[in-house]
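I opened my notebook to look up a few things in one protein model. Please keep the picture beside you while you read along.

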Amino acid sequence: MSAVEIVQVDLADRRYAIHVGAGLLNRAGDALADLVSGRKVAVVADETVAALHLPALIQSLRGVASVVHTLTVPSGESAKSMDGVADLLDRLLALGIDRRTVVIALGGGVTGDLAGFAAAIALRGLDFIQIPTTLLAQVDSSVGGKTGVNTRYGKNLIGAFHQPRRVLIDTDVLDTLPRRELLAGYAEVVKYGAIGDLQFFEWLEANGGRLVDGDADAQRHAIVASCRAKAAVVAADEREMANGPRALLNFGHTFGHALEAMAGYDGTLLHGEGVAAGMVLAARLSARLGPCTGQDAGRLAAHLAAVGLPTELDQVDGRRQWTAEQLLGHMTKDKKARDGRIVFVLLDQLGRAVVRDDVDSSTVRTLLDRSQAA
């Protein structure tokens, strides 16, 4: 039996554990027995993941939970809508759920956000467990309690903080992940090194290729390191206070979310791909403003490009129909904006980030214009 590493998220009475190991789906009943024994369970899985991994989870939960219900939701970012959460709530209530029902999200970040938001508001709050099946969800969205849906005005503008009771990360499921999805998750891994851990970034420069090529040891090391970094930030700043440490986790996301909004959440641009291009734009903006150097910005871009992630706007589908003004418009509507000012996470240097809300829009416009012309 493979060993399991446990990372704790310290939130006082809402403290919970992240379990990382191989084969955890087949052992979920044992790993979750203290939370689901004798209780109704509603497993929410996206259609693609359900076909691959739902049978193993159900088999493991049988004999532990009193009843196991399953509900599937569409795959893809477009499922994260108010219509999507309303439909999921209606189906949950039709099952006769009660306050002791436990909701389990089996899937990527979309499923976790959608199921987590439904759990936060159904019967004024149900226990919730995350079983993320994408690298991106394993290292980022499954930890920290952010849930929500998108609107035509932007990404994740409606939602709630609702911490999971536990996170189970089965590293074996990454074997079924398409390479593009694995790369999208890797962007979030790189983020942790870029904003706060130069030594980890250097490890990624040396080992990132092995990770995206499927090396299990490299994947496990990166997942545990990323979860530790995320857990420490969440424990210090659960609800993302203004200029608090959790805001640093948005490095690349202000640009990335604008790119996603312009793409229409239709799958032509994955979240991690938007974040990768967004991190490069943020690093270049950092170099323009200082004290970050162009060398550091170039080093980040070079590593992302080396593993196959988009770093230039001409690598992002549809960019020729986008203007700097349109992208700036989406950034001003971002949920992190303050009084109409765009909030950026920028680098002082590779491995150290800061939050700034004093960047002149003309500087950003020039950066975007030149990036599109490149």
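Below are my entries, from the sheet to the helices, the salt bridges and the last hairpin.

**Entry 1: the open sheet**

I noted at the start that this is a predicted model. I looked up the sheet and found that it is open and has seven strands, in the order S1-S2-S9-S6-S5-S3-S4. The pairing in this sheet is mixed. As a reminder to myself, strands of a sheet pair through backbone hydrogen bonds, either parallel or antiparallel.

Which strands stand at the edges of the sheet? They are S1, residues 5-9, and S4, residues 67-73. Each has a single partner strand, so one side of each is left without a neighbour in the sheet. I also wrote down the twist, which averages 20 degrees from one strand to the next.

Next I followed S1 to its partner. S1 is joined by five bridges to strand S2, residues 16-21, and the two run antiparallel. Within this stretch I found glutamine 8 opposite alanine 17, which is in S2.

**Entry 2: helices across the strands**

I then checked what lies across the sheet. Helix H4 spans residues 82-94, with methionine 82 in it. H4 lies across S4 and strand S3 (40-46), and its direction is at about 160 degrees to S4.

Helix H5, residues 109-121, lies across S3, S4, strand S5 (102-107) and strand S6 (127-132). I noted an angle of about 165 degrees between H5 and S5.

**Entry 3: a nonpolar patch and a hairpin**

Is methionine 82 buried or partly exposed? Its relative accessible area is 42%, so methionine 82 is partly exposed. Methionine 82 also belongs to a nonpolar surface patch with Tyr153, Leu157 and Ile158. Together these residues have about 330 Å² of accessible area.

Around there I looked up strands S7 (residues 146-151) and S8 (residues 154-161), which pair antiparallel over five bridges. Two residues make the hairpin connection from S7 to S8. I found threonine 151 facing glycine 154 of S8.

**Entry 4: alanine 283**

My next stop was alanine 283 in helix H11, residues 271-289. Its relative accessibility is 0%, so alanine 283 counts as buried.

What is alanine 283 in contact with, leaving aside its neighbours within four places in sequence? I listed Phe251, Cys292, Ala297, Leu300 and Leu347. I also checked alanine 301, which is 18 residues from alanine 283 along the chain. The C-alpha atoms of these two alanines are 8.5 Å apart.

**Entry 5: salt bridges**

How many salt bridges does the structure hold? The total is 27.

I started with glutamate 273 and arginine 180, whose closest N and O atoms are 2.7 Å apart in a salt bridge. Glutamate 273 is in helix H11 and arginine 180 in helix H7 (residues 179-196), so this pair ties together parts 93 residues apart in sequence. Glutamate 273 counts as buried, at 11% relative accessibility. Arginine 180, at 37%, counts as partly exposed.

A second salt bridge joins glutamate 312 to arginine 284, at 2.6 Å from N to O. Glutamate 312 sits in the loop between helix H12 (294-307) and helix H13 (324-332), while arginine 284 is in helix H11, 28 residues apart. Arginine 284 is partly exposed, at 27% relative accessibility.

The third pair I wrote down is glutamate 325 and arginine 365, with 2.3 Å between the closest N and O atoms. This salt bridge links helix H13, which holds glutamate 325, to helix H14 (residues 361-373), which holds arginine 365, and the two residues are 40 residues apart. Glutamate 325 is partly exposed at 46% relative accessible area, and arginine 365 is partly exposed at 27%.

I also found a network of salt bridges that links Glu77, Lys80, Asp113, Lys155 and Glu260.

**Entry 6: the last hairpin**

Finally I looked up strands S10 (residues 344-349) and S11, which five bridges join in an antiparallel arrangement. Leucine 347 has alanine 353 in S11 as its bridge partner. The same leucine 347 appears among the contacts of alanine 283.

S11 covers residues 352-356. Which residues are on the covered face of S11? They are Ala353 and Val355, while Arg352, Val354 and Arg356 make up the uncovered face. The hairpin of S10 and S11 has two residues between its strands, and glycine 351 there takes a positive phi near 100 degrees.

Note on methods
Residues numbered from 1 in each chain as written. Predicted model: local features only at pLDDT ≥ 70, side-chain atom pairs only at ≥ 80, totals over all residues. Heavy atoms only, no water. Patch = residues over 30% accessible without salt bridge, like charges linked within 9 Å, V, L, I, M, F, W, Y side chains within 5 Å. Areas by Shrake-Rupley, 256 points an atom, 1.4 Å probe, with all protein chains shown as cover. Salt bridge = Lys/Arg side-chain N within 4 Å of Asp/Glu carboxyl O. Helix = DSSP H or I, 4+ residues; strand = E, 2+ residues; numbered from the N terminus. Buried < 20%, exposed > 50% of the residue type's maximum accessible area, 1.4 Å probe, protein only. Pairing = 2+ DSSP bridges. Axes fitted to C-alpha atoms, helices over the stretch in contact; angles between N-to-C directions. Contact = heavy atoms within 4.5 Å.
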